[in-house]
Amino acid sequence: MNRSDREWEIKLQLMGAISRSQEALARILENAADVTEHVGVSPSTLQEHVRVLNGMQGALLRSVTGQSWRPPVAGTPAAPWLSEAVRCKQASSETGGVPN
C-alpha cells in the first residue's frame with residue numbers, strides 16, 4: 001500500500017472514530033437527561049460540556065481531513081437553477097411538444 005492510500009485509510013478510520021464518538025455522546029445525553037434532576041447537574045452545564053466536546057471533535061476532523069461539518073440551516077431553499085436548454089425542453093414536454 002502506498003503512502004497516499006495509507007493516509008486516506010487513516011483519515012477514514014479517524015472519521016469513523018469521530019462518528020462513533022458522536023453516537024456515544026448521544027447515548028450519554030439520553031442517559032444524562034434521565035438523571036439530570038436527581039444528581040444536581042444543571043442542563044446548561046451539561047449543554048456547555050457537550051458544546052466543548054463537539055468543538056473538539058470538529059477541530060480534530062478539520063485538522064486531520066481538511067473537512068468540516070456544518071450545522072443544518074433553517075430557511076427557504078432557492079429555486080433550482082436550470083440551463084436554458086433544460087427549461088425549454090421541460091416547457092415543451094409540459095405543453096405536449098407544442099412550443100409557446
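Tutor: The term pLDDT denotes the predictor's confidence in each residue, on a scale from 0 to 100. It is the starting point here, as the structure shown above is a predicted model.

Student: What average pLDDT does the protein have, and what percentage of the residues score at least 70?

Tutor: The average for the protein is 77, and 84% of the residues score at least 70. Where pLDDT is low, the predicted coordinates should not be read in detail.

Student: Which helix has the lowest mean pLDDT, and which the highest?

Tutor: Helix H3, residues 84-94, has the lowest mean among the elements of the protein, at 73, while H1 has the highest, at 81.

Student: How many helices and how many strands does the protein have?

Tutor: There are three helices and zero strands. Followed along the sequence, the pattern is α-α-α. Helix H1 covers residues 3-39, and helix H2 covers residues 43-65.

Student: Why does the length of helix H2 agree with the number of its residues?

Tutor: The expected span is 1.5 Å times one less than the number of residues. With its 23 residues, helix H2 should therefore span 33 Å, and its end C-alpha atoms lie 32 Å apart, in agreement with that value.

Student: What follows H2 in the chain?

Tutor: Glycine 66 follows H2, and its phi is positive, near 80 degrees.

Student: I should like to turn to burial. What percentage of the residues of the protein count as buried?

Tutor: A residue is called buried when its relative accessible area is under 20%. Of the 100 residues in this protein, 9% count as buried. In H2, the buried residues include Gln57, Gly58, Leu61 and Thr65.

Student: Is lysine 11 buried or exposed?

Tutor: Lysine 11, a residue of helix H1, has a relative accessible area of 14%, and so counts as buried. Leaving aside residues up to four places away in sequence, lysine 11 touches Val64 and Thr65. Thr65 is itself buried in H2.

Student: How many salt bridges does the whole structure have?

Tutor: A search of the whole structure finds three. To read them, recall a general point about helices. An α-helix has 3.6 residues a turn, so residues three or four places apart point the same way.

Student: With which residue does glutamate 7 form a salt bridge?

Tutor: Glutamate 7 pairs with lysine 11, and their closest N and O atoms are 3.4 Å apart. Both residues belong to helix H1, four residues apart, about one turn of the helix. Lysine 11 is buried, whereas glutamate 7 is partly exposed, at 39% relative accessible area.

Student: Why are glutamate 9 and arginine 6 separated by about one helical turn?

Tutor: They are three residues apart in helix H1, and this places them about one helical turn from each other. Their side chains meet in a salt bridge, at 2.9 Å from N to O. Glutamate 9 is partly exposed, at 28% relative accessibility, and arginine 6 is partly exposed as well, with a relative accessible area of 39%.

Student: Where do glutamate 48 and arginine 51 lie?

Tutor: Both lie in helix H2, three residues apart, about one turn of the helix. The salt bridge between their side chains has an N to O distance of 2.6 Å. Glutamate 48 is partly exposed, with a relative accessible area of 36%.

Student: Contacts may also join residues distant in sequence. What percentage of the contacts with a separation of 6 or more comes from residues 24 or more positions apart?

Tutor: Such residues account for 45% of those contacts in the protein. For a single residue, consider leucine 46, which is found in helix H2. Leucine 46 touches Leu29, Ala32, Thr36 and Val41, residues up to four places away in sequence not being counted. The C-alpha atoms of leucine 46 and alanine 33, which are 13 residues apart along the chain, are separated by 9.2 Å. At 22% relative accessibility, leucine 46 counts as partly exposed.

Student: Finally, which residues form a nonpolar patch on the surface?

Tutor: Val35, Val39 and Val41 form one, with about 240 Å² of accessible area together. Of these, valine 35 lies in helix H1 and is partly exposed, at 41% relative accessibility. The accessible surface of the protein comes to about 8400 Å², and 59% of that belongs to carbon and sulfur atoms.

Key
Residues are numbered from 1 along each chain as its sequence is written. Side-chain values use heavy atoms; hydrogens and water are left out. Helices (H or I, at least four residues) and strands (E, at least two) are DSSP runs, numbered from the N terminus. Buried means under 20% relative accessible area, exposed over 50%, partly exposed in between (1.4 Å probe, protein chains only). Contact means heavy atoms within 4.5 Å. Accessible areas come from the Shrake-Rupley method with a 1.4 Å probe; for residues, only the protein chains shown count as cover. Patches are made of residues with over 30% relative accessible area and no salt bridge: like charges are joined within 9 Å, nonpolar side chains (Val, Leu, Ile, Met, Phe, Trp, Tyr) within 5 Å. A salt bridge is a side-chain nitrogen of Lys or Arg within 4 Å of a carboxyl oxygen of Asp or Glu.
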